[in-house]
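Thanks, everyone. Let me put the model up, and then we will walk through it.

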Number of protein chains: 2
Amino acid sequence: MLSIANTTSGAGGACPVSAVTRLLGSRWTMQLIHHLRQPRRYSELQALVGEVNPATFTQRLRFLEQQELIMRHEDPEHARHVEYALTPKGRELLPILDALAAWAQKWLLV
Amino acid sequence: MLSIANTTSGAGGACPVSAVTRLLGSRWTMQLIHHLRQPRRYSELQALVGEVNPATFTQRLRFLEQQELIMRHEDPEHARHVEYALTPKGRELLPILDALAAWAQKWLLV
DNA sequence: TTACTTGCTATATTTTTTGTAGTATCATCG
DNA sequence: CGATGATACTACAAAAAATATAGCAAGTAA
């Protein structure tokens, strides 16, 4: 039996889909990861993602860092130069985001 | 000017990932679709998804129906019997949810 | 020196989500 | 036949999340 199937019965506790949405479900998260395909600086990322509020944006970065989906790297030579990059854990979401993007291309942006 | 503007996103308008998150980004949405692998009645779905608030839950169902990801079917014989099911558009998200679940299995649930 | 950029933080306001209660309609049981 | 219970919601106040806007310290460029 598939492990996905038997988790559908519970009250959402151990269901992997609900586990995922606790990580990726809040606003901007998926865009953020998407735009971190290559390492980016704070302001760069902010511009790419769009109309994000800086407080939310920073909070999301901190959360994703804490969950080990991204890494924050501050250049000690030049402070004020901060780069964010995906961890392996985060990088493995990219094919899924690609699939979502393909779905969107097909069904949304015709 | 840097090449930020001519990428897929710019200000988030036409980026397929941001388009997707406008549909799936709010809470419960992905769980909802996941549990609609087979058609379900309102209360059944509610129990599966877990601790959802009924107002949010209904709002989400209405929104997904409006976006044509799910269909609402009311049995005319027995009113009060309502079933929700995925449309083809919605059904094509299931492999992606499977991939997310697999990612969760690997990285989240030991 | 002065102005500007970067990577944030602070605060008040708006929007979303929640908790809890309630309701109309029907079926079923006694 | 009336009481009881389930179903599919709706209503409304309160809590939580997101937003707009302003500001700030440290560095960099002119």
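**Two chains on two DNA strands**

This is a predicted model. Start with DNA strand C. It has 20 residues around it, and the ones that come nearest are Tyr84(A), Trp28(B), Asn53(B), Thr56(B) and Arg60(B). What part of the strand faces the protein? Of the atoms of DNA strand C that come within 4 Å of the protein, 57% belong to sugar and phosphate.

Now some individual contacts on strand C. Tyr84(A) has a side-chain N or O atom 2.7 Å from a phosphate oxygen of this strand. Val82(A) uses its backbone: an N or O atom there sits 3.2 Å from a phosphate oxygen of DNA strand C. From the other chain, Arg27(B) places a polar side-chain atom 3.0 Å from a phosphate oxygen of strand C. Which elements give two or more residues to this surface? In chain A they are helix H4 (42-49), H5 and strand E3 (82-86), and in chain B, H4. By class, the surface near DNA strand C counts six nonpolar, seven polar and seven charged residues.

Over to DNA strand D. Here 20 residues surround the strand, with Asn53(A), Arg60(A), Arg41(B), Arg72(B) and Tyr84(B) coming nearest. Sugar and phosphate make up 64% of the strand D atoms that come within 4 Å of the protein.

Look at three contacts from chain A. Trp28(A) has a polar side-chain atom 3.0 Å from a phosphate oxygen of DNA strand D. Arg60(A) has a side-chain N or O atom 2.8 Å from a phosphate oxygen of that strand. Asn53(A) reaches a base: a polar side-chain atom lies 2.2 Å from a base nitrogen of DNA strand D. The elements giving two or more residues to this surface are helix H5 (54-66) of chain A, plus helix H3 (42-49), helix H4 (54-66) and strand E3 (82-86) of chain B. The class count near strand D is six nonpolar, seven polar and seven charged.

Next, symmetry. A turn of 180° with a shift of 0.0 Å along the axis lays chain A on chain B, at an RMSD of 0.1 Å. That is how a two-fold axis relates two copies. Which chain A residue has its C-alpha nearest the axis? Gly25(A), at 2.9 Å. Both copies use the same surface, since 98% of chain A's contact residues recur in chain B.

Last, the cysteines. Over all chains, there are zero disulfides. Cys15(A) is buried, at 2% relative accessible area. Cys15(B) is buried too, at 1%.

Methods. Residues numbered from 1 in each chain as written. Chains lettered and ligands numbered in written order. Predicted model: local features only at pLDDT ≥ 70, side-chain atom pairs only at ≥ 80, totals over all residues. Heavy atoms only, no water. Near = heavy atom within 4 Å. Polar contact = N/O pair within 3.5 Å; in protein donor to acceptor, adjacent residues only side chain to side chain. Helix = DSSP H or I, 4+ residues; strand = E, 2+ residues; numbered from the N terminus. Nonpolar A, V, L, I, M, F, W, Y, C, P; charged D, E, K, R; others polar. Least-squares fit on C-alpha atoms with pLDDT ≥ 70 in both. Contact = heavy atoms within 4.5 Å. Disulfide = S-S within 2.5 Å. Buried < 20%, exposed > 50% of the residue type's maximum accessible area, 1.4 Å probe, protein only.
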